[in-house]
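Thank you for making time for me this morning. Please have the picture in view while I talk, and stop me wherever a step goes by too quickly.

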There are 2 protein chains.
Amino acid sequence: MSVFMTADALLAHWQGHRRLTRRVIDAFPAEQLFTFSIGGMRPFGDLAREFLSMTMPMVNGLVSGEWKSFALAAHDSKDAVLAQWDKDTALLDAAWPKIAPAKFAEQMVAFGEYPGTGYSLLLYVIDNEIHHRGQGYVYLRALGIAPPAFYER
Amino acid sequence: MSVFMTADALLAHWQGHRRLTRRVIDAFPAEQLFTFSIGGMRPFGDLAREFLSMTMPMVNGLVSGEWKSFALAAHDSKDAVLAQWDKDTALLDAAWPKIAPAKFAEQMVAFGEYPGTGYSLLLYVIDNEIHHRGQGYVYLRALGIAPPAFYER
C-alpha cells in the first residue's frame, strides 16, 4: 500500500480551501449574496449555507459514528455566515484529530443516506465546496467584481 | 502518522472526476465550447485545454523527475479535446503506478516554477479541474443546458 497523503496534510489542505472560500463569500456585496444568480442556479449565500451544513456535521459523524439527518444551516446574512465560518474553522481543527485513523478507509452511511468510505465522504464535502465556489467566481465576474486568486490559500 | 488515503484510491477518485469533466465537455454544443463566456472569463474549451496541459505533464514529471516548461495544449475543437481526453485516461492509468511512493511527500518544483509536495501539486491539478468545471456548469445553465449530476462519477 502506497500512501498518497496523511490525515494532517488533508486537514491543512482543507483549511486552505476554506480560507479561500471565506474570501469569496466576503467578496460578495451583502445585498447580493442571497439574491444574485445566473441561469436559475442557487445564489452563493445558499451554497455557503450548504458548505456549513456539510463540514462539521460530516466530521462530527466521523468522530462519533452517530449521524443526524442532513439539514441546511439557517444562516441568512453575510455576517451570520462569516461568523459561523470562523467558528467552524476552530471546531474543525479541534475535531479532526478525534477521527479514529481506521475511519478513513471504513465503509459507512453518512447522514443515514450517503454511503462511502470515510475519505471519499470527506473528499465529497471538499470537492462540493470547490465546485460551487467555481460557480461563485462566475457570479462575482458577472457582478464586475474580481474574485480572489484561486492559487492563494 | 495517520493515512488519509492511498495512491490507488486517489487515482480512482481522479478518474471519477475526469469522467464527469468529460461529460461536461461533451454537453457543450461544439460551436460554443470555444466561444461562449460570461463576465470576460475563458470559454470552457480553453479550460479543458488547460486540464489536458496539466494532467499528464504533471504525472509524467512525478514519474521521471524531469520537467518541461508548462505549455498549453493546442487542441481547438470539441472532437480533438475529447479524443485527447480518452487517450489521457489510458495514459494516466498506465503512468500512475510508476510514481515512486516517496514522491508524494517529496518537495519539488513542478514545471520549473511551481513548488510543492507531490501530493499538493497533484491535488492542485484535480482541484483546478473541479473549480473550472463548476464555472462550466454555469455556462451550461446560461445556455439553457442541464449539466450532468455532480455526484455521478
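I will go through the contact between the two chains, then a helix in each chain, and then a loop region. Before that, please keep in mind that what we are looking at is a predicted model.

Let me begin where the chains meet. How many residues does the contact take from each chain? It takes 30 residues from chain A and 30 residues from chain B. On the side of chain A that touches chain B, the elements that give two or more residues are strand 1, helix 1 and helix 5 of chain A, and helix 5 of chain A gives the most, with 13 residues. If we sort that side of chain A by class, we find 18 nonpolar, nine polar and three charged residues.

Now please look at strand 1 in both chains. Strand 1 of chain A and strand 1 of chain B run antiparallel and are joined by three bridges, and within this pairing Met5(A) stands opposite Met5(B). These methionines come up again when we turn to the largest nonpolar core, which has 69 residues, and in which Phe4(A), Met5(A), Phe4(B) and Met5(B) touch the most other members. To take one of them, Phe4(B) is in contact with Met5(A), Thr6(A), Ala7(A), Ala9(A), Leu10(A), Phe104(A) and Tyr119(A), if we leave aside its neighbours within four places in sequence.

That brings us to helix 1 of chain A, which covers residues 7–27. With 21 residues at 1.5 Å a residue, this helix should span 30 Å, and the model agrees, because the end C-alpha atoms are 30 Å apart. Which residues of helix 1 of chain A are buried? They are Ala7(A), Ala9(A), Leu10(A), Leu20(A), Thr21(A), Val24(A) and Ile25(A). These residues lie on the same side of helix 1 of chain A, because they cover an arc of only 155° around the axis. What covers them comes from both chains, and includes strand 1, helix 3, helix 4 and helix 5 of chain A together with strand 1 and helix 5 of chain B.

In chain B, helix 1 also has 21 residues, with an expected span of 30 Å that agrees with the 30 Å between its end C-alpha atoms. Its buried residues are Ala7(B), Ala9(B), Leu10(B), Arg18(B), Leu20(B), Thr21(B), Val24(B) and Ile25(B), and they pack against strand 1 and helix 5 of chain A as well as strand 1, helix 3, helix 4 and helix 5 of chain B.

Finally, let us turn to the loops. Phe111(A) sits in the loop between strand 2 and strand 3 of chain A, and it has a positive phi of about 55° although it is not a glycine. In chain B, Phe111(B) lies in the loop between strand 2 and strand 3 of that chain, and its phi is a positive value near 55°. Is Phe111(B) buried, exposed or partly exposed? Phe111(B) is partly exposed, because 16 other C-beta atoms lie within 10 Å, whereas a buried residue needs 20 or more.

Phe111(B) is also among the residues that Trp67(B) touches, the others being Gly61(B), Ala110(B) and Gly112(B), not counting residues up to four places away in sequence. Trp67(B) itself is in the loop between helix 3 and helix 4 of chain B, and although Trp67(B) and Gly112(B) are 45 residues apart in sequence, their C-alpha atoms are 6.4 Å apart in space.

Technical notes: Residues are numbered from 1 along each chain as its sequence is written. Chains are lettered from A and ligands numbered from 1 in the order in which they are written. This is a predicted model: local features need pLDDT of at least 70, side-chain atom pairs count only at pLDDT 80 or more; totals for chains, interfaces and linings use all residues. Helices (H or I, at least four residues) and strands (E, at least two) are DSSP runs, numbered from the N terminus. The expected span of a helix is 1.5 Å times one less than its number of residues. A residue is buried if 20 or more other C-beta atoms lie within 10 Å of its own, exposed if 12 or fewer, and partly exposed in between; C-beta atoms are placed from the backbone. The arc is that of the directions from the helix axis to the C-beta atoms. Two residues are in contact if their C-beta atoms, placed from the backbone, lie within 7 Å. Ala, Val, Leu, Ile, Met, Phe, Trp, Tyr, Cys and Pro count as nonpolar, Asp, Glu, Lys and Arg as charged, and the others, Gly among them, as polar. Two strands pair if DSSP finds at least two bridges between them. A nonpolar core is a set of buried Ala, Val, Leu, Ile, Met, Phe, Trp, Tyr and Cys residues joined through C-beta atoms within 7 Å.
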